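Here are some short exercises to work through with the model open beside you. Try each task before reading its solution.

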Amino acid sequence: IIILVVFGYFIYGDVQKKSKIKIADEYNDATIKYYGGNKKNIEKELIEIIKKRDKTYSPLSLYFLLENEIITEKKKINELFDVLINDTKLENEIKNLVIYKKALFNSEFETENNLIKILNPLINSENIWKSHALYLMAEYFYYKNHKQKSKEFFNQILTLENSNPNIKIEAEKRLNRDFSD
């Protein structure tokens, strides 16, 4: 039984490794085809990679689709973000980055409540993306001319212990420039 378990472990590891190589090859082939001018079926191929829920190539595929504007339908893009956030086994900070990118994508057209709903996992926990999320909300409210709400989010950044130093500096500048009495 012990020998079978050991062999099973190594066989499982080998299958996982081959699967990862196959997904990597599929991603590389799709991107090479795209840059080579053969853009047919690229969307379908990259969506299939996203649906495989690989912790490396699924996010890369979504980012490639976004950066090259291969998919422009907001609902479809949000569904793909949800596959990464809810169904893919990502490390916590990578998952938080995906959540932040989803909020960033949605910030131009979503309502205040929906944007806050997207960012809640970042705002309500201690992580390296919290100050980024607060800054995004502050800028969102500033753009919408809700100055008081914007100021509150900028102030939260300043009181945050592990705030990103660059974001903290930008928040201070914004408060001094636009909110000083």
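The exercises below go from one helix to a pair of rings.

Residues are numbered from 1 along each chain as its sequence is written. This is a predicted model, so local features need pLDDT of at least 70 and side-chain atom pairs pLDDT 80 or more, while totals for chains, interfaces and linings use all residues; side-chain values use heavy atoms, without hydrogens and water.

**Exercise 1.** Check the span of helix α4 (residues 74-87) against what is expected at 1.5 Å a residue.

*Solution.*
- Helices are DSSP runs (H or I, at least four residues), numbered from the N terminus.
- The expected span is 1.5 Å times one less than the number of residues.
- For the 14 residues of α4 that gives 20 Å, and the end C-alpha atoms are 19 Å apart, which agrees.

**Exercise 2.** Find which residues of α4 are buried, and what they pack against.

*Solution.*
- Buried means under 20% relative accessible area, exposed over 50%, partly exposed in between (1.4 Å probe, protein chains only).
- I77, N78, L80, F81, V83, L84 and I85 of α4 are buried.
- These buried residues pack against α2 (42-51), α3 (57-67) and α5, where contact means heavy atoms within 4.5 Å.

**Exercise 3.** Classify the ring pair of Y9 and F10.

*Solution.*
- Rings of Phe, Tyr and Trp (its six-membered ring) pair if their centres lie within 6.5 Å; planes under 30 degrees apart count as stacked, over 60 as edge-to-face and the rest as tilted.
- The structure holds 13 such aromatic pairs.
- The centres of Y9 and F10 are 5.6 Å apart with planes at 75°, so this pair is edge-to-face.
- Both Y9 and F10 are exposed.

Terms used
Helix = DSSP H or I, 4+ residues; strand = E, 2+ residues; numbered from the N terminus.
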